[in-house]
Amino acid sequence: MNLLTSKASKRRTRPGGTSLRTGATLIGALASGAVVARFLPIDPNSQELAESYLAPFSGNHLLGTDVLGRDLLVWCAYGVATSLTVALAVVFISALLGVLIGAYAAYTGGWVDAVLMRLVDLQLAVPPLLIFLAASMVIQPSYTTMVVLLSSVGWVPYARLVRANVLVDRERGYVAAARLAGTRRIGILFGHLIPAAGTPIIVYASLHVGFVVLSESALSFLGLGFQPPTASLGYMISQGRDQLVGAWWIATVPGLVIILLVVSANLIGDGLRDRFHLDSGGLT
């Protein structure tokens, strides 16, 4: 009995457990709703002009309808799928590029490190919105272009984070022992240095998901991202921004969904940070 009580007490007191469970539950519920909506015979772009501007809990529309009579619950479910698809793809590509560039620059050093870090500085010097505005003039919004654009500015924090970790770890004894044992450079990078930076990378990636969700929504709100027939939460907010008094739910409902997505991602990131005892200052 005492052993069971001790194990239960340890589970309750594990750092970050509450944040992790809350964040995972929130994002799991939103993702489940998005998946279920995909299997139902409903179209987020279906317009019923006779049912436009219906308030929440009116008729068959739990969250109301917009100016064209589109069901907000269905639209938000598809919008969650759009946001999470883009966020996961951007985080994966950004992490892959940033880790490879940061690790190679730190371990190689010399002019290679100098050139790659100046590339990072150049990337930081150009506002992302300027890049998105310029790109919107020559390319059409799509999943591919959105992922490429957001990844083009998302890899930099990963590179800086991994570089800082590798600069410290490359001088440690186990790396020197690997060199003396004849391990090749690529083996040391992928076998020792990059795995050693895995924890801060995972924590930052979880926080990066919320940032990408906000970015995708902001671009769609400004007309630079997804437009119908692709469902986007940011686009729906833009449709209701001039009707906050008479039809507040058109902008408020998708806005609340975005908040839930970002908060859940941040809770998971905070929970992982607490679980691994990381300093938040080292993740930026």
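Is Ser-220 buried or exposed? Ser-220 is buried, because its relative accessible area is 1% and buried means under 20%. The legends below describe close-up views of a predicted model.

**View 1. Ser-220 and its surroundings in helix α9.** Ser-220 belongs to helix α9, which covers residues 198-221. The side chain of Ser-220 forms a polar contact with the side chain of Glu-216, at 3.0 Å. Leaving aside residues up to four places away in sequence, Ser-220 touches Gly-225, Phe-226, Gln-227, Ser-232, Gly-234 and Tyr-235.

**View 2. The cis peptide bond between Pro-228 and Pro-229.** The bond that joins Pro-228 and Pro-229 is cis, with omega at about 20 degrees. Pro-229 sits in the loop between α9 and α10, the latter being residues 233-240.

**View 3. The largest pocket.** This pocket has a volume of about 410 Å³. Its lining is made of 20 residues. Nearest the centre of the largest pocket are Val-153, Pro-157, Tyr-204, His-208 and Phe-211. Four helices each supply at least two residues of this lining: α4 (110-125), α5 (128-136), α6 (143-169) and α9. Sorted by class, the lining of the largest pocket holds 14 nonpolar residues, 5 polar residues and 1 charged residue.

**View 4. The second largest pocket.** The volume of the second largest pocket is about 350 Å³. It is lined by 21 residues, and Ile-42, Asp-71, Leu-73, Val-74 and Ala-77 lie nearest its centre. Two or more lining residues come from each of α2 (17-38) and α3 (72-108). Of the elements, α3 gives the most to this lining, with 5 residues. The lining of the second largest pocket consists of 13 nonpolar, 4 polar and 4 charged residues.

**View 5. Tyr-53 and Phe-57 in the loop between α2 and α3.** Tyr-53 lies in this loop, and Phe-57 is found there too. Phi of Tyr-53 is near 60 degrees, a positive value in a residue other than glycine. Phe-57 is not a glycine either, and its phi is positive at about 65 degrees. How exposed is Tyr-53? Tyr-53 counts as partly exposed, because its relative accessibility is 39% and partly exposed residues fall between the 20% and 50% limits. Phe-57, at 67% relative accessibility, counts as exposed, because exposed means over 50%.

**View 6. Val-138 in the loop between α5 and α6.** Val-138 is found in the loop that joins α5 to α6. Its relative accessibility is 69%, so Val-138 counts as exposed. Val-138 and Pro-41 are 97 residues apart along the chain. The C-alpha atoms of Val-138 and Pro-41 are separated by 35 Å.

**View 7. Residues 80-269, a span named in the UniProt record.** The unreviewed UniProt entry places the feature "domain: ABC transmembrane type-1" at residues 80-269. In the predicted model, this span is 81% helix and 0% strand. How far apart are the end C-alpha atoms of residues 80-269? The end C-alpha atoms lie 19 Å apart.

Technical notes: Residues numbered from 1 in each chain as written. Predicted model: local features only at pLDDT ≥ 70, side-chain atom pairs only at ≥ 80, totals over all residues. Heavy atoms only, no water. Buried < 20%, exposed > 50% of the residue type's maximum accessible area, 1.4 Å probe, protein only. Polar contact = N/O pair within 3.5 Å; in protein donor to acceptor, adjacent residues only side chain to side chain. Contact = heavy atoms within 4.5 Å. UniProt positions renumbered as here; feature names shortened; annotations may be inferred. 1 Å grid on protein atoms, 1.4 Å probe; cavity = no way out; pocket = protein on both sides within 12 Å on 5 of 7 lines; lining within 4 Å. Points joined across faces, edges and corners; volume = space filled by probe spheres on them. Nonpolar A, V, L, I, M, F, W, Y, C, P; charged D, E, K, R; others polar.
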